[in-house]
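Q: I'm new to this structure and would like a close look at just one part of it. Could you walk me through it in one go, in plain words?

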Amino acid sequence: MIHNEKVLHFIAEKIEEIKVAIFYCHSNSPLKINNTIIHTFKVDDCGYITFFINRPQQLISQFDREFPVGLNYFKKGKNYFMNIFGKARIIHDPEELAYQTDLTAEEINNALTTQVLIKVQILKVDFYDNNYEKKNLVLKKIWSVFSQLFDSVGAASRSYDLSGPATHNYGF
């Protein structure tokens, strides 16, 4: 359990640094929320990401209340990016919105009129560290230099592959 808390804290920290993600709805429903750019409002200790999206033209009650989503967090200049997959829940009931203690009265009013509050339960995170690839690239370059250095020293001994078919026909 402590390992999961450390991982969640690490992921929450990285999300807070980037803040912005592309939201993808993976629902099979004919009526689904459009892909959009979101600004993360909060990441809580239970592994939920909270954010607002613009209210669609259709009635919110016509959408699935829960559906699978993807969030792609990327920011130019950061040495990492993340793809988060989870289960989103639309929160539009006034009583449930009032229960959200971290929302101001204005935010609750916006969630009832012009926006929609969405909570995503984090189920899977793919974290990509660009520094890791750069470190590996440096190691590969060092290895290449050493291997070329040793290849030139032992140039007198070479290997040849003779396992292919013979190219000469000696007539027998």
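What follows is a tour of one residue and the strands around it. What is the place of Thr40, is Thr40 buried or exposed, and which residues does Thr40 touch?

A: Quick ground rules before we zoom in. This is a predicted model, so local features need pLDDT of at least 70 and side-chain atom pairs count only at pLDDT 80 or more, while totals for chains, interfaces and linings use all residues. Residues are numbered from 1 along each chain as its sequence is written, and side-chain values use heavy atoms, with hydrogens and water left out.

To get your bearings, the protein has 4 helices and 6 strands (these are DSSP runs, with helices being H or I of at least four residues and strands E of at least two, numbered from the N terminus). Along the sequence they come in the order α-β-β-β-β-β-α-α-β-α. Of its 172 residues, 30% are buried (buried is under 20% relative accessible area, exposed is over 50%, and partly exposed is in between, using a 1.4 Å probe and protein chains only). Now look at contacts (heavy atoms within 4.5 Å): among those between residues at least 6 apart in sequence, 69% join residues at least 24 apart.

Now for Thr40. You'll find Thr40 in strand S2, which covers residues 36–43. Thr40 counts as buried because its relative accessible area is just 5%. Leaving out residues up to four places away in sequence, Thr40 touches Ile15, Lys19, Ile49, Thr50, Phe51 and Tyr73. With Tyr73 there's also a side-chain to side-chain polar contact of 2.6 Å (that is, a pair of N or O atoms within 3.5 Å; within protein, one must be able to donate a hydrogen and the other to accept it, and residues adjacent in sequence count only if both atoms are side-chain atoms).

Tyr73 is a handy lead to the next strands. Tyr73 sits in S4, where it is the bridge partner of Ala21. S4 spans residues 66–73 and pairs with S1 in the antiparallel sense over 5 bridges (strands pair if DSSP finds at least two bridges between them). S1 also pairs with S2, the strand of Thr40, again in the antiparallel sense, over 4 bridges. One spot to check there is Ile22, which stands opposite Ile37 in S2.

S1 itself, residues 20–25, is worth following side chain by side chain. Its side chains alternate: Ala21, Phe23 and Cys25 point to one face and are buried. Val20, Ile22 and Tyr24 point to the other face and are not buried. So, of the S1 residues we've met, Ala21, the partner of Tyr73, belongs to the buried set, while Ile22, which stands opposite Ile37, does not.

Last stop: Lys19, one of the residues that Thr40 touches. Lys19 lies in the loop between helix H1 (2–18) and S1. Its backbone has a quirk: a positive phi of about 70 degrees, although Lys19 is not a glycine. Lys19 counts as partly exposed because its relative accessibility is 31%. Put side by side, then, Thr40 is buried at 5%, whereas its contact Lys19 is partly exposed at 31%.
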